[in-house]
Structure formats: structure tokens, C-alpha cells
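Colleague: Got a minute to go through this structure with me? I have a handful of quick questions.

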Amino acid sequence: MTSCIIGIKGQTPSSTNQVDVWFDSLKSIASVLSEENQHLLKIIADKKPENITELSELTGRAVSNLSRTIKTLEKHGLINIESFGKSIRPKIKYSNFNILCDLSFSGGKKDLLENKFTLVSMFTGVGGLDMGFEGGFKYKDKYFESQPFSTLAAYEKDEKCVETIKKNLDIPISQVELSEELVNDFPSADVLIGGFPCQDFSSCGPKRGLSSDRGQLYKVLVKYMQHHKPKIVCAENVPNLARMQKGAVLETIVNDFSEQGYKVQVWDLFAPDYGVPQSRRRLFFVCTRNDLEGEPLKPEPKFVGMHRGTKWAIEDLEKVIDETIPNQSQYFKASKAKKGNGQGDEHCKADEPSYTIRANAKSRVQFHYELDRRLTIRECARLQTFPDSFVFPHSATSNVMQIGNAVPPMLSYEVATSIKEFLLKQD
Ligand SMILES: C[S@@+](CC[C@H](N)C(=O)[O-])C[C@H]1O[C@@H](n2cnc3c(N)ncnc32)[C@H](O)[C@@H]1O
């Protein structure tokens, strides 16, 4: 076992030390490495329990409480977890911890997490977009640090999405059917985010555009802008919106946003260019209040020519056929894949990003690149860059809809980072 060097963002000069684990603040280290948890780590090191039940007997702590703590320790990279059958076995990674805290070093970031930007979220779905702004999640081996945004309120009308959010994310979600009349009573925030409903703009939907009530829902965001004047608005939708009526639909929406006193950028982002192993393109409307200097920069596409393939994302799941990884045993049974029959019935390609995970796939989820079955719900979640700890608690049809509707958290993280950097420069 080895020593672990812990760094604190803004208080540890990163260039001079080999930091193993980064924390947001001393307070967060104190809470994760509390006396109780240090005692727990010592018991794991000394007694090497085979599973959580055994650990519960050794510590006298409830299994549910221990499971949460073990997940937190793993999320912070302080322990490893081995899965076998339905159980997990915690394994110690480090035997001692050294915290590097240089009081003379601020790195310009010292107050980053204390001074959070407030945020309101609309049409929240299961919070893929929100996760990028909140940060603090792990996807495969990478930990996405907490971001300096604090959600004051989130609104979603679908009961199942709200249940999923409550199970997984620590954001104040309300089940509300949004309309323009409601928003004046919502809290004012620095940032407004919202992926307004896309069915009427999608190439595979009824294509009613702005003529349906649902197509007009972006006006709830417009109303919020008019009344609350957030510094930044980040709205999201499908790229086909820009092609409808020779660009007239896009122009109308951009004009409506800009008339509230905003500079509007439209970013067309291809998710594989940002490391997402799935072929998904999305439009982001990034609106900056006119009195602010400059605008957020379009995130740099760091994975052009190096797209991640489906196999990279899900290969380790091939042999898992139970719920040791949540939602891995949940998939639609089907006979053989058909060649050239469209994404719903074909095998995906191992070395290329997968087809788009579609919200309206129903049972026609694409096939595994090698196995003769459709992708599991967990595999779909992986391709959307949801962490394995994010559990989808409903039927396969509802779960795939929730996943397919989401912004990949990893893509959203890039957008949020750019907005964060812009806002930090304003102060
Ligand atoms: C494209 S999804 C948003 C996905 C979300 N941005 C994410 O990343 O997970 C749109 C969401 O808007 C919700 N919605 C549609 N009409 C609504 C309304 N009037 N009020 C509140 N939510 C609504 C839908 O239930 C759906 O979850």
C-alpha cells in the first residue's frame, strides 16, 4: 500500500507536486476522511472483509449507510471496489494520506467553490445537462470535478424523470408543468439552463416546428430572461431545428432570445469530438446578457480524429449479466440483428462511436457490436457518459427514453466549463 497525496483546488500548486487525489476544499476532505471513515478504512485494511454485510458486522454500521460511504470513498478515488456476483468488496488503495495545502498559493481559484454561481434548470429530464454544471461525477476512470454552480431550482413535468433525479442527484427538483405564466415566481439566478422539448424539431418526429404548443415551449425560457435577466442562458435542442423552414425556425428563436437583451451564439457540437463514444450532435444556444463584456468560448473539440468507439465504452460489461452494475441485466430481447436495416436492428461498430441513443427507440435499441443481443440499459447509459452509479429505476422503455433525451454529461461538462471560465473573468 502506498501514500496518497491529496491536493486542494486553489490551495495546492499543481505543477510542483504529484497529486493523487484532488478535493474541492479542506472542508470536503474533513468530511470524506472523517474519524469514522478513517476507522472504516483501517478495518477494511486489517480485516479485509469479503463484502458489505461482513463489513457491517465488523463496524456495527448499517449496510445502506456503509454502501453510501463506500461509494463516496470510491468516487473520490480513495479506495477500489471489486464486484463479484451481487456483492462488492472494498479494497484499500492507500495506507496514509498527506494533504498539500499551501496558504500562500491561491492560483486565482481559491474561492471558486465558495463563490458559486446560482442556476435555475428547466425541462430538466433526468439531469444530463445539469450534471455538467454540477460536476462531481465519475465516468469510467475519469473524475469530473465539482463545478461552481449551485442549483436553486429545477423543473420537470414527468413523474418518472423526477423520481430518477431524486434517486441520483442532489438538486432541488419540482414536478411542474412549465408555462410562461409561472416563471415570474421562480427564483432569480445567474444562469438559466434548459433543453426545451425537441420532438417537433427532430428529423424523426412529427416536424411541427413552432406551430405546436410544444414547439412554443422555448418561450418559457424567453419569459424567464425577460423577467429575471440571468447573466447567461444555455438552451439545448436538436440540430435539425436549424434546418427547418430554411433556417426560419432558428432565426425566430435566436431573435426572441436576443430581444430580451442578449448576445446569442449557436454552438453545433458533435459529441464524439468531445470524447463521447456516441454519434450525437446537439445545438446549444448560449446567450450572454448585453452588459457583460465578451462571450463564453465554444469548447475546444479535443477528440477530433480520435473518436472513442463503442467497445472502449462498454467492453468491460460483456461478461456482466446481472445487476452488480445497475441496469446491466435490463435489455430488450430480440432475435438476430439485421444487416443494413437501420440503427434499431443493426450491430453497432466496435471501433466507432455508437449510433445515437434515441429517446423514441421503444424496444428497437441497437445491437451489441459482438454479442447477439440488443444493448442493455447500462450500456446505453455508458454511451451517453452517465456514471455507473446513476441508476435508472423504471421499465426498459422508460429508461431508454430518459437516457436518449439527455445531454451526455461529459459534453455538458465542456459547455459548463466554458461558461464558468467566462463568468469567473467577469468578477
Ligand atoms: C429533451 S428533454 C431534456 C433533457 C435534459 N436536458 C437532460 O439533459 O437530461 C425535455 C424534457 O422536457 C420535459 N417537458 C416537456 N414539456 C414540459 C413542460 N411543459 N414542463 C416541464 N417539463 C416539460 C420532458 O418531460 C423532458 O423530460
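Modeller: What follows is a short run through the ligand site, some cysteines, a helix and a few single residues.

Colleague: Before we start, what kind of model is this?

Modeller: It is a predicted model.

Colleague: Ligand first. Which residues come nearest to it?

Modeller: There are 19 residues around the ligand, and Gly128, Leu129, Glu156, Leu178 and Val407 come nearest.

Colleague: How does that shell divide into nonpolar, polar and charged?

Modeller: Nine of the shell residues are nonpolar, six are polar and four are charged.

Colleague: And the polar atoms of the ligand? Which backbone atoms lie by its oxygen atoms?

Modeller: Gly128 puts a backbone N or O atom 3.0 Å from a ligand oxygen. For Leu129, a polar backbone atom is 2.9 Å from an oxygen atom of the ligand.

Colleague: What lies by a nitrogen atom of the ligand?

Modeller: Leu178 does that, with a backbone N or O atom at 2.7 Å from a ligand nitrogen.

Colleague: How much of the ligand's area does the protein bury?

Modeller: The protein buries 92% of the 610 Å² that the ligand exposes when taken alone.

Colleague: New topic, cysteines. How many disulfides does the structure hold?

Modeller: Zero.

Colleague: Why is there no bond from Cys287 to Cys234?

Modeller: The two sulfurs are 8.4 Å apart, and Cys234 has the closest cysteine sulfur to that of Cys287. A disulfide needs the sulfur atoms within 2.5 Å, so that gap is too far for a bond. From C-alpha to C-alpha, Cys287 and Cys234 are 6.4 Å apart, with their places 53 residues apart in sequence.

Colleague: What about Cys380?

Modeller: Cys380 is in no disulfide either, as its nearest cysteine sulfur, in Cys348, is 8.9 Å away. Cys380 is buried, at 0% relative accessibility.

Colleague: Back to Cys287. Where does it sit, and is it buried or exposed?

Modeller: Cys287 is in strand β14, residues 281–289. Its relative accessible area is 0%, so Cys287 counts as buried.

Colleague: What does Cys287 touch, beyond its close neighbours in sequence?

Modeller: Leaving out residues up to four places away, Cys287 touches Met225, Lys231, Ile232, Val233, Phe257, Tyr262, Lys263 and Val264.

Colleague: On to α12. Is that helix mostly covered or mostly open?

Modeller: Mostly covered. Helix α12 spans residues 396–405, and seven of its ten residues are buried.

Colleague: Which ones are buried?

Modeller: In α12 they are Ala396, Ser398, Asn399, Val400, Gln402, Ile403 and Gly404.

Colleague: And what covers them?

Modeller: The cover for the buried residues of α12 includes α6 (159–168), β14 and α11 (377–383). Strand β14 is where Cys287 has its place.

Colleague: Now Ala313. Where is it, and is it buried or exposed?

Modeller: Ala313 is in helix α10, residues 310–314. With a relative accessible area of 0%, Ala313 is buried.

Colleague: Which residues is Ala313 in contact with?

Modeller: Setting aside neighbours within four places in sequence, Ala313 is in contact with Tyr139, Lys140, Pro277, Arg382 and Leu383. From Ala313 to Cys380 is 9.8 Å, C-alpha to C-alpha, at a separation of 67 residues in sequence.

Colleague: You mentioned Lys140. What is its phi?

Modeller: Phi of Lys140 is near 50°, a positive value in a residue that is not glycine. Most residues other than glycine have a negative phi.

Colleague: Where is Lys140 in the chain, and how accessible is it?

Modeller: Lys140 is in the loop between β7 (137–139) and β8 (142–144). At 27% relative accessibility, Lys140 is partly exposed.

Colleague: What about Lys229?

Modeller: Lys229 also has a positive phi, near 50°. Lys229 is in the loop between α7 (218–228) and β12 (232–237), and is partly exposed at 35% relative accessible area.

Colleague: Last one, Ile88. Where does it lie?

Modeller: Ile88 lies in strand β4, residues 87–92. Its relative accessible area is 24%, so Ile88 counts as partly exposed.

Colleague: And which contacts does Ile88 make?

Modeller: Apart from neighbours within four places, Ile88 is in contact with Glu50, Asn51, Ile52, Ile70, Ile81, Glu82 and Ser83. Gln343 is 35 Å from Ile88, C-alpha to C-alpha.

How values were computed:
Residues numbered from 1 in each chain as written. Predicted model: local features only at pLDDT ≥ 70, side-chain atom pairs only at ≥ 80, totals over all residues. Heavy atoms only, no water. Near = heavy atom within 4 Å. Polar contact = N/O pair within 3.5 Å; in protein donor to acceptor, adjacent residues only side chain to side chain. Areas by Shrake-Rupley, 256 points an atom, 1.4 Å probe, with all protein chains shown as cover. Nonpolar A, V, L, I, M, F, W, Y, C, P; charged D, E, K, R; others polar. Helix = DSSP H or I, 4+ residues; strand = E, 2+ residues; numbered from the N terminus. Buried < 20%, exposed > 50% of the residue type's maximum accessible area, 1.4 Å probe, protein only. Contact = heavy atoms within 4.5 Å.
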